Amino acid sequence: LSPTVNFALRISFYCALCLVVSALAAVACLLVNGGRTVKNMRIIKAFVKTFKYFFGLRFEVKGLENFKVEGPALIVSNHQSILDMMGLMEVLPDNCVQVGKKELMYMGSVGLIMYLGGVIFINRKSTSSAKMVMSEVAKTMVTENTKVWVYPEGTRNCTGDLLPFKKGAFHLAVQAQVPVIPVVYSSFTTFYNPKTKLFTSGKIKVEILPPIETKGLTSDDVTDLSDRCFSTMRETLFRLSGHPGEAKDSS
Ligand SMILES: CCCCCCCCCCCCCCC(=O)SCCNC(=O)CCNC(=O)[C@H](O)C(C)(C)COP(=O)(O)OP(=O)(O)OC[C@H]1O[C@@H](n2cnc3c(N)ncnc32)[C@H](O)[C@@H]1OP(=O)(O)O
Ligand SMILES: CCCCCCCC/C=C\CCCCCCCC(=O)OC[C@@H](O)COP(=O)(O)O
């Protein structure tokens with residue numbers, strides 16, 4: 001098979017798997033929990049964790065203990081591809097919902113399972129409405145003791161580097177006065193590259209970094225907080241990925 005055909009087949013299989021498994025998981029979620037609740041994420045996680053075996057992907061996870069903070073927290077991670085859903089479910093802590101673009105809601109059964117899992121949908125085309133939703137989340141995550149997972153790059157980026165961070169996630173953390181836990185996935189570029197039609201098996205290193213406290217911070221500190229997370233995540237991304245010119249992770 002040519003690389004292009006191989007890529008198309010594997011991506012189509014991934015999408016088909018997502019659609020079929022989402023439909024099955026939706027039935028399970030409705031039977032067990034009856035409707036939209038973060039508790040459904042446990043069920044979704046159990047299904048999605050099997051996907052890696054179909055694609056020959058291996059995850060090497062470090063720092064899971066950093067998720068064990070008391071109470072709510074904001075999790076930020078790099079976002080490379082639609083394949084990220086596998087990496088997300090590999091480490092997802094309990095009581096954690098994600099922020100996603102509202103267009104995802106219309107992806108058939110995949111949209112339905114996101115809705116049932118409690119995903120918070122935002123309209124990226126309307127800054128004021130996205131900010132309003134995020135401010136509401138800052139309140140509910142505290143009262144309902146949930147963690148919230150945001151991709152601060154705001155879009156997929158498979159270049160092996162980070163895009164500049166949007167600030168919404170950090171406003172959210174400061175408004176809720178909750179710690180920020182950065183999570184970094186090594187670059188996919190050695191096994192997945194939509195531009196060159198590469199999609200083979202591979203290993204993904206994941207590191208959950210220590211929480212960064214926000215108690216006492218105000219909106220004036222948001223830029224500093226965002227810059228701090230960006231630097232630590234970029235340094236970790238390069239280390240995990242063995243980026244040219246950077247120290248390669250020895251493990
Ligand atoms: C079986 C298979 C499938 C299973 C699936 C199971 C479920 C898994 C679900 C996973 C879902 C994954 C979804 C991934 C995505 O969809 S990523 C895309 C969507 N996410 C985001 O966009 C989040 C990151 N974006 C932001 O945080 C943005 O800041 C946003 C809030 C969206 C606004 O963006 P934008 O309009 O571009 O404006 P700016 O970021 O430039 O901000 C403008 C100024 O406003 C200030 N700001 C931002 N937020 C706030 C706020 N909450 N309060 C006050 N002020 C705010 C910001 O600082 C800017 O001002 P300055 O320039 O700093 O002065
Ligand atoms: C009846 C409608 C049928 C719709 C068929 C849809 C077919 C696609 C099926 C499965 C695809 C699996 C996708 C898994 C979830 C991916 C979430 C994701 O990664 O979204 C991208 C978003 O973060 C950023 O979007 P952009 O990079 O800004 O763009």
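A residue is called partly exposed when its relative accessible area lies between the 20% below which it is buried and the 50% above which it is exposed. Arg 239, with a relative accessible area of 24%, is therefore partly exposed. The structure considered here is a predicted model, and this report concerns its salt bridges.

**Salt bridges in the model**

The structure holds 8 salt bridges. Side chains of opposite charge can pair when their charged atoms come close. Three of the pairs are listed below with their N to O distances.

| Acidic residue | Basic residue | N to O distance |
|---|---|---|
| Glu 60 | Lys 203 | 3.0 Å |
| Asp 161 | Arg 234 | 2.8 Å |
| Glu 235 | Arg 239 | 3.8 Å |

**Glu 60 and Lys 203**

The side chains of Glu 60 and Lys 203 form a salt bridge. Glu 60 belongs to strand β1, which covers residues 57–62, and Lys 203 belongs to strand β9, covering residues 202–208; the pair therefore ties together parts of the structure that are 143 residues apart in sequence. Both partners have intermediate accessibility: Glu 60 is partly exposed at 26% relative accessible area, and Lys 203 is partly exposed at 32%.

**Asp 161 and Arg 234**

A salt bridge also joins Asp 161 to Arg 234, with 2.8 Å between the closest N and O atoms. Asp 161 sits in the loop between β5 (147–150) and α7 (168–176), whereas Arg 234 is part of helix α8 (residues 222–241), so this contact ties together parts that are 73 residues apart in sequence. The relative accessible area of Asp 161 is 24%, which makes this residue partly exposed. Arg 234 likewise counts as partly exposed, at 30%.

**Glu 235, Arg 239 and their network**

The salt bridge between Glu 235 and Arg 239 has an N to O distance of 3.8 Å. These two residues are 4 residues apart in helix α8, a separation of about one helical turn. Glu 235 is partly exposed, its relative accessible area being 43%; the value for Arg 239 is 24%. The pair is also part of a network of salt bridges that links Glu 207, Glu 235 and Arg 239.

**Annotated domain**

An unreviewed UniProt entry places the feature "domain: Phospholipid/glycerol acyltransferase" at residues 73–188. In the model, this span is 37% helix and 20% strand, and the C-alpha atoms at its ends lie 27 Å apart.

Notes. Residues numbered from 1 in each chain as written. Chains lettered and ligands numbered in written order. Predicted model: local features only at pLDDT ≥ 70, side-chain atom pairs only at ≥ 80, totals over all residues. Heavy atoms only, no water. Salt bridge = Lys/Arg side-chain N within 4 Å of Asp/Glu carboxyl O. Buried < 20%, exposed > 50% of the residue type's maximum accessible area, 1.4 Å probe, protein only. UniProt positions renumbered as here; feature names shortened; annotations may be inferred.
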